[in-house]
Amino acid sequence: MKRIVLTGGGTAGHVTPNIALLPRLKELDYDIHYIGSYNGIEKELIESIGIPYHGISSGKFRRYFSIKNFTDPFRVLRGIKEAKRLIRILNPDVVFSKGGFVTVPVVRAAKALKKPVVIHESDMTPGLANKIALSSATKVCCNFPETLALLPKDKAVLTGSPIRQELLRGDKMKAMNLLSFSPAKPVILIIGGSLGANAINESIRQILPTLVKDYQVIHLCGKGNLDPSLDHIEGYMQFEYIKEELKDFFALSDIVISRAGANAICELLALHKPNLLIPLPAKSSRGDQLLNAASFERQGFSMVLQEEDMTNKSLLNAINTLYQNKDTYVENMTKSEQQNSIDTIIDIIEKVSN
């Protein structure tokens, strides 16, 4: 039996692709362990599915001034020491890293102990943690064709991002019955992320009276963002957050409006869902969503509307245009080479572990 150590944390986006690999790794009889931070979101997510979890100290590398910049390097050094101890004890055949600052000590420790490391970068441009880890990697998987030019040629592989296979098994009728929707009107699914997206929520609600004349709307608006005054509107259902029903809502939806996080858009690609991306503006992020959205637009997978250009009229026009051209987007996504990411990544893991 081979043993693999998975690592990644800080956000759910650095954990869920690891979770997506688990069924295939189990089929291949891998003994799976996870290394993350002591109290990060990854601990809760991984322990809830019964994978052995090991915590280490973790610090954050910041591009801005913070008093923690003086203490976190010591946490990283302690994390490397703790990771080395764990790697020696676990003695894995391979380490797979999804990114996030907790992965830096694990990847560094694995290289020091001559264990092969496979890194996955979701965004167009590598994040700081993955940049630091590149020299320790055996192979580097990426999502976007444009990213290949930013990675070492002998290490880079275009794989796409692993998505949870249960999302592909949604039940359209189950969602329709749950929502009391009609088959007579198309369905829009709006996803702002786990915390929602205030600008998108506001704009959707302003055009809602017009929108529900032609569409039915499932609105995932984020924690604390429900508007009870809209509960009476026929053909509109709002939720703070959903988990189990998401696959069914995807199955029912004709088009999707979303932010442009790498994992989210890769799910839309795998599901062949025509989508309108409204990326986080540069002032609210490092700009990765803008680049992600631009790539998907170039490849013909998505329409893009910048948040600063979003008005009631432009949003409504974009939705109508997307729906009218939905078949073209589905056709483009069907032709994508980034469809079979799990098998591609597992094949890389198998090769380097041998």
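User: Accessible areas come from the Shrake-Rupley method with a 1.4 Å probe, and for residues only the protein chains shown count as cover. What is the accessible surface of the protein chain?

Analyst: This is a predicted model: local features need pLDDT of at least 70, side-chain atom pairs count only at pLDDT 80 or more, and totals for chains, interfaces and linings use all residues. Residues are numbered from 1 along each chain as its sequence is written, and side-chain values use heavy atoms, leaving out hydrogens and water. Carbon and sulfur atoms own 53% of the surface. The total is about 16200 Å².

User: How does the radius of gyration of the protein chain compare with the globule rule?

Analyst: The chain has 13 helices and 13 strands, taken as DSSP runs (helices H or I, at least four residues; strands E, at least two) numbered from the N terminus. For 354 residues the globule rule gives 20 Å, so the chain is as compact as a globular protein of that length. The rule is 2.2 Å times the number of residues to the power 0.38, and the radius is taken over C-alpha atoms. The radius is close to the rule, at 21 Å.

User: What share of the 354 residues counts as buried?

Analyst: Buried means under 20% relative accessible area, exposed means over 50%, and partly exposed lies in between (1.4 Å probe, protein chains only). By that cut-off, the buried share of the protein chain is 53%.

User: Which helix holds Phe 296, the partner of Phe 144?

Analyst: Aromatic rings (Phe, Tyr and the six-membered ring of Trp) pair if their centres lie within 6.5 Å; planes under 30 degrees apart are stacked, over 60 edge-to-face, the rest tilted. There are 5 such pairs. Phe 144 and Phe 296 are edge-to-face, 5.9 Å centre to centre with 70 degrees between the planes. Phe 144 sits in the loop between β6 and β7, 152 residues away from Phe 296 in helix α10.

User: Are Phe 144 and Phe 296 buried or exposed?

Analyst: Phe 144 has a relative accessible area of 0%. Phe 296 has 1%. Both values put the two rings in one class: buried.

User: Is the pair of Phe 239 and Phe 249 stacked or tilted?

Analyst: The ring centres of Phe 239 and Phe 249 are 5.5 Å apart. Phe 239 lies in strand β10 and Phe 249 in helix α8, 10 residues apart. The planes meet at 45 degrees, so the pair is tilted.

User: How many of the 10 residues of helix α9 are buried?

Analyst: Helix α9 spans residues 262-271 and is mostly covered. Its cover includes α1, α8, β11, β12, α10 and α12. Among its buried residues are Ile 265, Cys 266, Glu 267 and Leu 268. The count is 8.

User: Which residue with positive phi follows α9?

Analyst: Its phi is near 60 degrees. The residue is His 272.

User: Is Asp 29 buried or partly exposed?

Analyst: Asp 29 lies in the loop between α1 and β2. Its phi is positive, about 65 degrees, although Asp 29 is not a glycine. With a relative accessible area of 48%, Asp 29 is partly exposed.

User: What is the relative accessible area of Lys 114?

Analyst: Lys 114 is in the loop between α4 and β5. Its phi is positive too, near 60 degrees. Lys 114 is exposed, because its relative accessible area is 73%.

User: How many Å apart are Ile 89 and Arg 286 in space?

Analyst: Ile 89 lies in helix α3 and is exposed at 56% relative accessibility. In sequence, Ile 89 and Arg 286 are 197 residues apart. From C-alpha to C-alpha, the distance is 37 Å.

Conventions. Contact means heavy atoms within 4.5 Å.
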